[in-house]
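Open the model in your viewer and keep the selection panel at hand. We will start with the whole chain and then go in to single residues.

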Amino acid sequence: MRPVWYLWEEQAFWWLTGDWSGLSRILSDHSKVALVVDDCDLQTGEVSQVICRGRAKVVPFDEGRARRKLRRYLGDDESSWDERFVRGTFANPSVRLVRLVPSSLIARDLSFRPATPRQ
């Protein structure tokens, strides 16, 4: 289990991998994966969850897709991005993309009523 920054595009989840991770090797032996996306607002108690299952595959690096994924987390102003992400993604020849096309998607509303503050 590991957290990933992902991009949903062309009916697939995408994330980056490279020499910092053993994921390429793991997926070559075991391509069946599950990806869980949680979104939680503790103030309102709104919680949404999506569970995706399918086979993941390591595919060649796509600079445009990588930029779109990083913009999702780091913002549109690439000049403000931490150099580790720029160098680690675009100057590292080991970087690839993982593509996960869902064979199943389950969406759940796990919302709760927040506790009221004690007086």
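Accessible areas here come from the Shrake-Rupley method with a 1.4 Å probe. On that basis, the accessible surface of the protein chain is about 8400 Å². Carbon and sulfur atoms make up 50% of that surface. One caution before going on: this is a predicted model.

**Stop 1: the whole chain**

Show the cartoon. You should find three helices and five strands in the protein chain. From the N terminus, the order is β-β-α-β-β-α-α-β. The radius of gyration is 17 Å, well over the 14 Å that the globule rule gives for 119 residues, so the protein chain is more spread out than a compact globule. Along the principal axes, the C-alpha atoms fill a box of roughly 55 × 35 × 25 Å.

Now think about cover and contacts. Of the 119 residues, 29% count as buried. Take the contacts in the chain with a separation of 6 or more: residues 24 or more positions apart account for 70% of them.

Next, colour by charge. How many positive and negative side chains does the protein chain have? There are 19 positive and 16 negative ones. The centres of the two sets lie 8 Å apart.

**Stop 2: strand 2**

Select residues 12-17. This is strand 2, and it is mostly covered. Six of its six residues are buried. A residue counts as buried under 20% relative accessible area.

Turn on the side chains. Which residues point one way from strand 2, and which the other? Ala 12, Trp 14 and Leu 16 go one way. Phe 13, Trp 15 and Thr 17 go the other way. Residues on both sides are buried.

**Stop 3: the partners of strand 2**

Add residues 7-9, which form strand 1. Strand 1 runs antiparallel to strand 2, and three bridges join them. For a landmark, find Trp 8: it stands opposite Phe 13 in strand 2.

Then add residues 96-109, which form strand 5. Strand 5 also pairs with strand 2 in the antiparallel sense, over five bridges. The landmark here is Thr 17, which stands opposite Arg 96 in strand 5.

**Stop 4: the hairpin turn**

Go back to strand 1 and strand 2. They form a hairpin with two residues between them. Zoom in on the loop that joins these strands.

Select Glu 10, found in the loop between strand 1 and strand 2. Glu 10 has a positive phi of about 55°, although it is not a glycine. Is Glu 10 buried or exposed? Glu 10 is exposed, with a relative accessible area of 57%.

Move to Gln 11, in the loop between strand 1 and strand 2. Gln 11 has a positive phi of about 60°, and it is not a glycine either. Gln 11 is exposed, with a relative accessible area of 57%. Step on to Ala 12 in strand 2, and you are at a buried residue.

**Stop 5: Pro 3**

Last, select Pro 3. Where does it sit? Pro 3 is in the segment before strand 1. Pro 3 is exposed, and its relative accessible area is 81%. Now add Val 36, which is 33 residues apart from Pro 3 along the chain. Draw a distance between their C-alpha atoms: the separation is 9.3 Å.

Key. Residues are numbered from 1 along each chain as its sequence is written. This is a predicted model: local features need pLDDT of at least 70, side-chain atom pairs count only at pLDDT 80 or more; totals for chains, interfaces and linings use all residues. Side-chain values use heavy atoms; hydrogens and water are left out. Helices (H or I, at least four residues) and strands (E, at least two) are DSSP runs, numbered from the N terminus. The radius of gyration is taken over C-alpha atoms; the globule rule is 2.2 Å times the number of residues to the power 0.38. Buried means under 20% relative accessible area, exposed over 50%, partly exposed in between (1.4 Å probe, protein chains only). Contact means heavy atoms within 4.5 Å. Lys and Arg count as positive and Asp and Glu as negative; His and the chain ends are not counted. The place of a charge is taken as NZ of Lys, CZ of Arg, CG of Asp or CD of Glu. Two strands pair if DSSP finds at least two bridges between them.
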